[in-house]
Amino acid sequence: MSDRTGGQKDSQAVLPAAAATAFRLSPVIIWLGIVSMMTDISSESVAAVLPLYVTGFLGLSTIAFGIIDGINQGASAIVRIAAGWVSDRTGQPKRVAVAGYGLSMLARIGFLFAGGFWAIAGIVTGDRIGKGIRTAPRDALISEAAQPEHLARSFGVHRMLDSIGAATGPLLAFLVLVLIPNGFSTVFIVSLAFSVIGVTVLVLMVPGRSHGRVSQEAAAPRPRFRWSQLRWATLKKHGLARLLVTAGLLGLLTIGDGFIYLILQDRGSFAVQWFPLLYVGTNVVFLLFAIPLGKLADRWGRIPVFLGGHLALLACYILAVLPLAGLGATLGCLVLLGVFYAATDGVLAAMVSRLTTGENLATALGTAQTVVALSRMAAAAGFGVLWFVLGPVTAMLWVAGLLAAALTVGTVLLGGARHWRAAP
Amino acid sequence: MSRGKGSRGNGSQGKEQQPAQLKLKPAANGSVATLPMPDTVPPDASESTLFPDSGVRRRWLALLAIVALVLAGAAVYGVSAFQTAKTSQEAASPVDLSTAETLPAAPFVMFRNTAPGQGFGQAATVLLADPQGQRALSGHTCDRVYAASNLVSCLTTRNEIPTKFTATVYNTSLDAVESWDLGGIPSRTRISADGSLLASTVFVSGHSYATAGFSTETIIRGRDGTVHGNLEEFALISGGTQIKAADRNIWGVTFVPGQPDAFYATASSQGKIWLVQGSLKDKTLTVAAAGIECPSVSPDGTRIAYKKSVSGTLVGHRNIAVLDIASGTETVLGEQRDIDDQLEWLDATTVVYGVPRDETGQDSDIWSLAIDPASQPSLFIEHAWSPAVVRQ
C-alpha cells in the first residue's frame, strides 16, 4: 500500500530507464481493483462456506456435485477466450465485464432461494461462468489504462486489491458462522451486498467505450475484427505463441496449493483444520508482494520475474518434501506460493498486453488465462494420479525435476524475444 | 492502437490536475476519499468530456447511496438473523427433555436431537421401550452420532475461524475419553457391536474456488488406539483386478457382527457405485455388488439394508432396499421419499432412518419401516436424526 505514494520518487531516483515516464496510477486501475476486491470478498466468502452448505443440503450427492463443479471450471476457463473475443470485437470491454460481474451477482441472489441439487449446481455454474467472462475484458481495461512502462506494476496494484478481497472474504464468512450458527443465508446476503457494490463501482466509476474513443483519435481506422484473427497465426505474432507455450508448459507443472498443503499435512507439518487459513495466508503474501514484484518486473524485465516466480514455486515443492517437516516448512511454502502468484499473475497479463495489438488485447489476455487455467487443471488431475501411483514425496520430486527442466526450456523460448524487455 | 499515452480512458476523472471527486464531498466520502487521488490524476486529464463535472458528482452520490443502502440492508439482515438464532436457541423445546448423566442401562436409541430451541443439536437418548417418551440430553452437540452399549462416537462441526471438525468418543458416563481432528465435514459414523472399532466418514472439499471437487475420507480406528487407516488407501478389487482410478471414494462403513476383521462399505469411481466387502487385516475392499449405497448389516448378519439409486448413479432418487446375503435377493421397500441416511436396524425385521422435516435442512424425523415390501413407513422419533439402536 505504502508503495503508491513513494513509488514516484523511487523510480526517478533509482531508475534512469523508467524515469522517462513517472509512475502515475490511473484511477481506473484503482476502481477496477476495488471492483475485484469487492467481488472477491463476495465470492471467497461463499466459497469458504459452500462445502458446509452444500453437504448440509445435498448429503452424499455432494460427490456428484464435485464432479459437475470440475466440469464447470473447465467451461469457465474456455469462456475466457470467448469473452475476450467479444470484448475486442465490440470494442466494449466494460460492457462485457459488467455482464460477467453481473452474472455472478445474479448467482448470489440465486443462493438465497436455492434448494435441491440442480438449483445449487446451476447457480455455482453461473457464478463460475461469470468469473470466466469478466477476467479478460477487465485485464484489457487495466492494460489500456496503464502506462506501458509501468504495466506490471499497474497490474500489481490491481492484484493487490484483488487479494485483499480474497483474504478478507473467508474470514468474514467464518465470523458470520461463529456469530450465527447455520447463518448461511446471512453469509449469502453479505456476499450479495459486496457483489452489488462491486458491480456499482464498475458501472459508475469505470469509464467505458475507451476502445472506440481511441480508434477515433488514432490516425488510421481500427481494422474490423475478423474470424481469421482468432487463428493461431495471429497469436504467433510478436512471440505471443512462445509466451503461451511457456505459460502452458509451466502451468502443467503447477499442481496447485491444495496438493502442496496436503503433502505438508500428510507429513504431519500441521493439523488438517488449518487448511482454510493457509489459503488466506497465501493471499496475504500475494497482496504484500504484488506491487513490489510488479515494479521489479517493470525495472528488470518481466521475463526474469515471471520465471523467478516459478523458481519460488520450485523451492516450495522442494521445501514441502525435505525431511524437515514442521511449522517452518508450512510457513515457508506459504510465503513462496504467495511470491509465486505475485510474480506471475499480473506479470503474465502485463507481458501478454505488451505483445498484443489493441484490437486483439482482450482475446490474447483471455487466451493466456485459459491456457494457464486449463494447464493447471490438467496438472492437478495428473498429480492426483501420480500421488496414488508413486506416493506423494516421489511424485512431488518428479514434478519438481520436470519444473526445473521446463524452466530451462522456458528461458530458452523466452530468451529470444528481446523486445519483451520493459525498458524502452 | 498506440500505447504512447498511458492513461487514456480515465482522463475524465478530473480536470486540470484537480480530482473532481475530492472537491465534491470531502467529508461524506469517508474512507473512499483517502485514496491517493492526487497522485493518480492522468496528465492528459483535460482532454476528456466523458464524465463532466456534474456527472462525476452524480456518480459519486449514486455510488455512496448504493453502498450505504446495501451495507445497511446486509447489516439489518445480519442483526435480525443473529437475534432470531439467539431467540431460537433460548426458546423452550417442543419435546419433553431431561439431562442425562450416563447412558441408559436398559436398551435405548441414541440420536441427534433436532427439536428447535434448547438442546438443539445435542446427542440424546430415549428408551427403546418408549421411543416417543422423554429424551435425555447428553450435553454434547453432535452432527452425527452413533452408540454402542458403553461408548458414543460423536462427529461435530465447531464454528470457529476457520470452521473445525472433531470426532470425540464418550464413555458410559458421557465423559470425553478421546478426541481427534477430522479432515472435513461429518457425514457418517458407526461403531462395531462389541465397541472395538469406530468408523467415520467426512467430506473433504477443495477449500477454494481454485480447487474443484469433493471427496470422502473414511477412517476406521480401533478403540485400542490402532488406526486401521484411510479406506481410500485400501486396495479396491473388482473381479480379481485392482481399480486404481484416482477418483475413488469410500463411505458408509457397516461392521459385520461377530467378525472383527470384516466390514462392508460403499465405493464409488467414475460415477459407478458398489457394495464392497472389506478386510482390515488384508487392507482390501472387494466389490460384492453394484448399485448399493450406505450398507447396514442386520443384527443377525444375514441381510444388508441400503440406499438404492433409481438412476444407478450418484445423482437421483434413493429408495430403501434390503439384500438377503445368502440368496442374493433384493427387496425394494415401500418408502416413496428420497432417502439420504445410513439405515439402522431396529430389530431383525425393521429399519429406522432420518428424513428431513422441511426445506430448511435443520429439522428431521426418524421413521421406521418393516422390511416387507407391502409395509408403509411410520414415525418413530420426531425431531431427530442419526439414530443408533443399542439393544445391549
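**Exercise 1. Find out which residue just after helix 11 of chain A takes a positive phi, and then work out how well covered that helix is.**

Step 1. Look just past the end of helix 11 of chain A: Gly268(A) has a positive phi there, about 75°. Keep in mind that you're working with a predicted model.

Step 2. Now go back into the helix. Helix 11 of chain A spans residues 257-266, and 8 of those 10 residues are buried, so by the cut-off of 20 or more other C-beta atoms within 10 Å the helix is mostly covered.

Step 3. Name the buried ones. They are Asp257(A), Gly258(A), Phe259(A), Ile260(A), Tyr261(A), Leu262(A), Ile263(A) and Leu264(A).

Step 4. Ask what covers them. The buried residues of helix 11 pack against helix 12 (275-300), helix 13 (302-321), helix 14 (327-354), helix 15 (361-390) and helix 16 (392-415) of chain A.

**Exercise 2. Decide whether Ile123(A) is buried or exposed, and list what Ile123(A) touches.**

Step 1. Place the residue: Ile123(A) belongs to helix 5 of chain A.

Step 2. Count neighbours. Ile123(A) is buried because it has 20 C-beta neighbours inside 10 Å.

Step 3. Check the contacts. Leaving out residues up to four places away in sequence, Ile123(A) touches Ala107(A), Gly110(A), Phe111(A) and Ala114(A).

Step 4. Link back to Exercise 1. Gly258(A) is one of the buried residues of helix 11, and its C-alpha atom is 24 Å from that of Ile123(A), with their positions 135 residues apart along the chain.

**Exercise 3. Describe how the two domains of chain A meet.**

Step 1. Set the bounds: domain 1 covers 26-208 and domain 2 covers 231-424. Their C-alpha centres are 22 Å apart.

Step 2. Count the residues in the contact. Domain 1 gives 37 and domain 2 gives 35.

Step 3. Find the elements on the domain 1 side. Helix 3 (62-90), helix 5 (117-145) and helix 6 (151-179) of chain A each give two or more residues, and helix 6 has the largest share with 15 residues.

Step 4. Sort that side by class: you get 21 nonpolar, 10 polar and 6 charged residues.

**Exercise 4. Identify the residues that touch the most other members of the largest nonpolar core.**

Step 1. The core holds 243 residues, and the ones to pick are Cys316(A), Ala320(A) and Ala147(B).

Step 2. See who contributes. Helix 2 (residues 27-58) of chain A supplies the largest share, 20 residues.

Step 3. Zoom in on Cys316(A). Beyond residues up to four places away in sequence, Cys316(A) touches Ile260(A), Cys333(A), Leu336(A), Leu337(A) and Phe340(A). You've already met Ile260(A) among the buried residues of helix 11.

**Exercise 5. Compare two open sheets of chain B by strand order and pairing.**

Step 1. Take the sheet of 5 strands: the order is 3-6-5-4-29 and the pairing is mixed. Its edges are strand 3 (97-99) and strand 29 (384-390), each pairing on one side only. From one strand to the next, the twist averages 35°.

Step 2. Look at one pair. Strand 3 and strand 6 (residues 135-141) run parallel, joined by 3 bridges, and Leu97(B) stands opposite Arg135(B).

Step 3. Move to the sheet of 4 strands, ordered 25-26-27-28 with antiparallel pairing. Strand 25 (344-347) and strand 28 (378-381) form the edges, and here the twist averages 45°.

Step 4. Pick a pair again. Strand 25 and strand 26 (residues 350-356) are antiparallel and share 3 bridges; Trp345(B) has Val351(B) as its bridge partner.

Technical notes
Residues numbered from 1 in each chain as written. Chains lettered and ligands numbered in written order. Predicted model: local features only at pLDDT ≥ 70, side-chain atom pairs only at ≥ 80, totals over all residues. Domains from an automatic or database assignment. Contact = placed C-beta atoms within 7 Å. Nonpolar A, V, L, I, M, F, W, Y, C, P; charged D, E, K, R; others polar. Buried ≥ 20, exposed ≤ 12 C-beta atoms within 10 Å, placed from the backbone. Core = buried A, V, L, I, M, F, W, Y, C linked by C-beta atoms within 7 Å. Pairing = 2+ DSSP bridges. Axes fitted to C-alpha atoms, helices over the stretch in contact; angles between N-to-C directions.
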